[in-house]
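Grab a pencil and work through these exercises with the model open beside you. Each one sets a task and then walks through a solution.

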Amino acid sequence: MTSPVDTELVRVLAADGTLAPTAAAEPYLPLIEALPDSELEQLYRDMVAVRAFDREATNLQRQGQLALWPPSYGQEAAQVGSARAARPQDHLFPSYREHVVCMIRGVDPVDIIRLMRGLTHGGWDPTDPKNGNTHIYTLVLGSQTLHATGLAMGFALDAKSGTGDPESDAAVIVYYGDGASSQGDVHEAMVFAASYQTPQVFFLQNNHWAISVPVATQSRTPLFERSKGYGIPTLLVDGNDVLASYAVSRVALDEARAGAGPRAIEAMTYRMGAHTTSDDPTKYRSDEEERSWAERDPILRMRAYLEGRGASASVFADADAEARAIADDARARTMKLETIDRSLIFDHVYSEPHPRIDEQRAWLDDYEASYDGDAS
């Protein structure tokens, strides 16, 4: 018997890169057919670039330059497609693995490294126009869905969406994982989103493992059924197919922006690397499972598709060179990062001067001074 997952999955490219749309993908084909070669090649370049950066950041952590690193290896297509589908006025709320989403929107990748190195509390200023309305990483699972819903509620109440002007109407897209989908915050966010008919998209990256807990343990039903339970129209997409990810995200964002209410997407993908660099996936995953997903690699799939369309060898050589330059630049600038003044921990706790902060700063001064001189 065919399962709902089989019948509803939006997939455009087969694992070998051939055009083989599922029935659910048929309505999205005109969007994909309208993409010029330059934009198709950009999707490929984005994925190659972030994989090179991701590997370099992992190496930097292994060499003691970062406290932690959450790899995005394997999830490039889901992130690139959805981020490229957003308009400039849209707001994006990442979790902590959406490195290429941030890069596409203009965030300096070294700002992500600064965060993981412990040199900043936030990483970047989301109000700075150069960062493309990209909000800061949230390592507390699921809380960003509430932040995103609150902003989307504001857009709805302030008539910043649903006016009929696609050049000014704004939407919100929020990223979270299969593990976070079990958090109460996510479900509270969906309650408010459905109630207020917010202009937002919930983008669930199902990478099949919440650290060492498989999806089958977390949920007895497909995860995309959860958002449907709140009355939120939900799409299931092959998250290793960048074309499918782009198309469904584009439609969902357009509908939300136009005032049709929230939408949800579950992108079926796979975390090829560790959960973070403190994790060892060999303790809970089989080699066979990893090999089966490696055969569905999103970059190889898109490369095969472009080659089939007649893309020249220079397209891929240039993408590799650009990616290497980004990774090399990130390493060089990371090695030049300096330590920070400890006073940073007292900044921005309150908007105005506060006596408790003054007391704590003085206590720390005294404490550190106690280590000066002869300890004997």
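**Exercise 1. Find the order of the strands in the open sheet, and say which strands stand at its edges.**

Step 1. Reading across the open sheet, its six strands come in the order E1-E7-E8-E4-E3-E2, and the pairing is parallel. Helices (H or I, at least four residues) and strands (E, at least two) are DSSP runs, numbered from the N terminus. Two strands pair if DSSP finds at least two bridges between them.

Step 2. Strand E1 (9-10) and strand E2 (91-93) each have a single partner strand, so one side of each has no neighbour in the sheet, and these two are the edges.

A word on the source: this is a predicted model, where local features need pLDDT of at least 70 and side-chain atom pairs count only at pLDDT 80 or more, while totals for chains, interfaces and linings use all residues. Residues are numbered from 1 along each chain as its sequence is written, and side-chain values use heavy atoms, with hydrogens and water left out.

**Exercise 2. Work out how many bridges join the paired strands, and which residues are partners.**

Step 1. Start with E1 and E7, a parallel pair with two bridges; here Val10 has Val237 of E7 as its bridge partner.

Step 2. Move on to strand E7 (residues 234-238) and strand E8 (residues 263-268), which are parallel and share five bridges. Leu235 is partnered with Ile265 in E8, and Leu236 with Glu266.

Step 3. Finish with E3 and E4, parallel over six bridges. Val174 finds its bridge partner in Phe202 of E4.

**Exercise 3. Decide how well E4 and E7 are covered, and find helices that pack on the sheet.**

Step 1. In E4, seven of its seven residues are buried (under 20% relative accessible area, with a 1.4 Å probe and protein chains only; exposed is over 50%, partly exposed in between).

Step 2. Look at the two faces of E4: Gln200, Phe202, Leu204 and Asn206 are buried on one side, and Val201, Phe203 and Gln205 are buried on the other.

Step 3. For E7, four of the five residues are buried, so the rest of the structure largely encloses this strand.

Step 4. Now the helices. Helix H7 (residues 143-157) lies across E2, strand E3 (172-177) and strand E4 (200-206), running at about 165° to E3. Helix H8 (residues 184-196) packs on the sheet too, touching E3 and E4, and its direction makes about 150° with that of E4. Contact means heavy atoms within 4.5 Å. Axes are lines fitted to C-alpha atoms, for helices over the stretch in contact, and angles run from 0 to 180 degrees between N-to-C directions.

**Exercise 4. Describe how H3 and H13 meet, then zoom in on Met302.**

Step 1. The axes of helix H3 (residues 37-62) and helix H13 (residues 298-308) come within 10 Å and cross at roughly 150°. That makes the two roughly antiparallel (over 145 degrees; under 35 is roughly parallel, 65 to 115 roughly perpendicular, the rest oblique).

Step 2. Residues making the contact include Leu40, Tyr44 and Met47 of H3, and Ile299, Met302 and Leu306 of H13.

Step 3. Met302 lies in H13 and is buried, with a relative accessible area of 1%. Not counting residues up to four places away in sequence, Met302 touches Leu13, Leu40, Leu43, Tyr44, Met47, Val242 and Leu243. The C-alpha atoms of Met302 and Leu243 are separated by 8.5 Å, although 59 residues apart along the chain.
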